[in-house]
Amino acid sequence: MCGIFGIYARNGYNAAPEILGALNALQHRGQDSAGIVTFDQTFQLIKGKGLVNDLIKGQKFTESVGAVGLGHVRYSTMGTPSEINAQPFIVNYPMGIAMVHNGNVTNFNELRKSVREINHRLVMSANDVELILYALAAELETKNLFALTADDVFDAVATTQNRIEGAYSALAIIADVGFLAFNDPHGIRPVVMGRKLTDAGPVYAFASETTCFDYLSFEFMRDLAPGEVIFIDKHHQVHSRILTAKPQHFCIFEYIYFAREDSIIHSRSVAHERSRMGQLLAQEVRRRNLSPDVVIDVPSSAFFFAEALANAINVPYARGLAKNNFFGRSFIQPTIEMRQNTVRQKLNPIRRIISGKKVAVVDDSIVRGTTSKHIVHLLREAGAREVYFISASPPIKYPCVYGIDMSDKTQLIASAYSEAEIANLIGADEVIYQKIEDLISLYPKEFACYACFNGDYPTKISIEGLQAVAKERLDSNIQFISQSI
Ligand code: 5GP
Ligand code: MG
């Protein structure tokens, strides 16, 4: 999972500071590596491991000129977090193209093979954006490059989309030709388009979430539709086409966990979606006759669920856990021990809120059970009389192959245990999960992907494909561990 940003302005505009600002606002989407490319006569690429601020330190961004550019923050679900796997990626043949992408290509083994054997390109990294880029470059190569038309570009993207399986949202600069944004046919990952009016004409931007538009004063225009391709030509004319659309399957985990609460995606406020999900949790709390004294959240992603639940059952909401914000997301750590250690340092209970109380604690999800087990333990140490652990997402039973980091089924606690067993394992008096029917009832029939809850994958994915995705993830963890020792 990653965050992407792109900007297309007229000569004289300085894109780099805005790209860096946007990446800072999208940092929650990935903290392994960051990168930026600008274009002015040639590409200027700066990328590396770490946070956006690590990238900024020591780099001479004042020399990074160009009115056009791309940025990326990466959370690696494929390939190690290393400089070679950091995005953006660039090719120089048959023309200069720079690209960033968010998502996960599921047929990467086949694609790697066909890119090598049919397109004669060597894949240098473990990042699937390289495959998308080479596939697109090979299609463009078949066109008349001296007079490339919008139709040629749409045709090249459509053929590329037909070769790729999985989730991808890509942004690309085609040197001296224009700017591209395109989505997989199911629109699994979000992309929003925005505009800023300047005296020289409109400046266009594309991003994973709207949060960065607010900060940069871009006006939100719209979301990309499933399979949509937007091409802005060198005269700044915007062309759009949908050649490969299928029913929409937007990743529901974007609303539950991944996106920031101030973003608006598919015309819905992420904060409001979390409140709606929180209200639904109240039904199950009532059905089980639980009467907590206080509802608390696991900061920061669970606030809106907890607040809405508390209101719905008429119990006070309180902040019961303090969070040290100077730690990265604990989930990213590759071993259980490392994760436990980070969780321990990251969260601390506020004793006055917890002591002597029946505490309902709400988190966005339970994946492996590491975080929840530790939190229950902390709350008991702080004197909680009873602990009800409430997950805003339904039980996660199936691996995500589209970029959320849950690719190995053996690690998913709900794939092996019942609710009562999970309560026992994590030490809670009760565990309550969102009911999948309730979650689904919030959205139109064709809107979201719920595959991690019900195994209903919107794209073709075989058992071998699932195993390959899990293996990629495990391999990159193993390499990551050996790197960090
Ligand atoms: P667990 O400790 O059960 O393995 O994971 C649950 C915790 O991980 C929750 O607090 C949730 O906020 C977080 N989480 C769930 N999915 C993801 C993900 O894909 N990436 C990251 N970084 N964290 C996640
Ligand atoms: Mg969390």
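## Backbone features in loops

P88 is situated in the loop that connects β4 (68-74) with β5 (89-91). The peptide bond leading from Q87 into P88 is cis, and its omega is near 0°. These features, like the others in this report, belong to a predicted model.

A second cis peptide bond runs from P299 to S300, with omega near 5°. S300 is found in the loop between β17 (294-297) and α9. A further backbone feature occurs at S217, in the loop between α6 (211-216) and β11 (219-223). The phi of S217 is positive, near 60°, although S217 is not a glycine. In general, most peptide bonds are trans, and most residues other than glycine have a negative phi.

## Surroundings of ligand 1

The shell around ligand 1 consists of 17 residues, and the closest of them are Y257, D363, D364, G369 and T371. By character, the shell divides into 7 nonpolar, 5 polar and 5 charged residues. Two helices, α7 (252-258) and α12 (370-381), each contribute at least two residues to this shell.

Polar contacts with ligand 1 involve both side chains and backbone. A polar side-chain atom of D364 is 2.6 Å from an oxygen atom of the ligand, and a polar backbone atom of V367 lies 2.8 Å from an oxygen atom of the ligand. For Y75, a polar side-chain atom is placed 3.1 Å from a nitrogen atom of ligand 1. Of the 520 Å² that ligand 1 exposes when taken alone, the protein buries 95%.

## Helix packing

Helix α8 (residues 270-287) packs with helix α9 (residues 303-313) at an angle of about 45°, and their axes are 7 Å apart. An angle between 35 and 65 degrees is neither roughly parallel nor roughly perpendicular, so α8 is oblique to α9. The crossing of these two helices, α8 and α9, is right-handed. Helix α9 also borders the loop that holds S300, on the side opposite β17.

Helix α4 (residues 128-141) and helix α5 (residues 150-163) form another pair, with axes that come within 9 Å and cross at roughly 135°. Because of this angle, α4 is likewise classed as oblique to α5. The crossing in which α4 passes α5 is right-handed.

How values were computed:
Residues are numbered from 1 along each chain as its sequence is written. Chains are lettered from A and ligands numbered from 1 in the order in which they are written. This is a predicted model: local features need pLDDT of at least 70, side-chain atom pairs count only at pLDDT 80 or more; totals for chains, interfaces and linings use all residues. Side-chain values use heavy atoms; hydrogens and water are left out. A residue is near a molecule or strand if one of its heavy atoms lies within 4 Å of it. A polar contact is a pair of N or O atoms within 3.5 Å; within protein, one must be able to donate a hydrogen and the other to accept it, and residues adjacent in sequence count only if both atoms are side-chain atoms. Accessible areas come from the Shrake-Rupley method with a 1.4 Å probe; for residues, only the protein chains shown count as cover. Helices (H or I, at least four residues) and strands (E, at least two) are DSSP runs, numbered from the N terminus. Ala, Val, Leu, Ile, Met, Phe, Trp, Tyr, Cys and Pro count as nonpolar, Asp, Glu, Lys and Arg as charged, and the others, Gly among them, as polar. Axes are lines fitted to C-alpha atoms, for helices over the stretch in contact, and angles run from 0 to 180 degrees between N-to-C directions. Angles under 35 degrees count as roughly parallel, over 145 as roughly antiparallel, 65 to 115 as roughly perpendicular and the rest as oblique. A crossing is left-handed if the near helix is turned anticlockwise from the far one by less than a right angle, and right-handed if clockwise.
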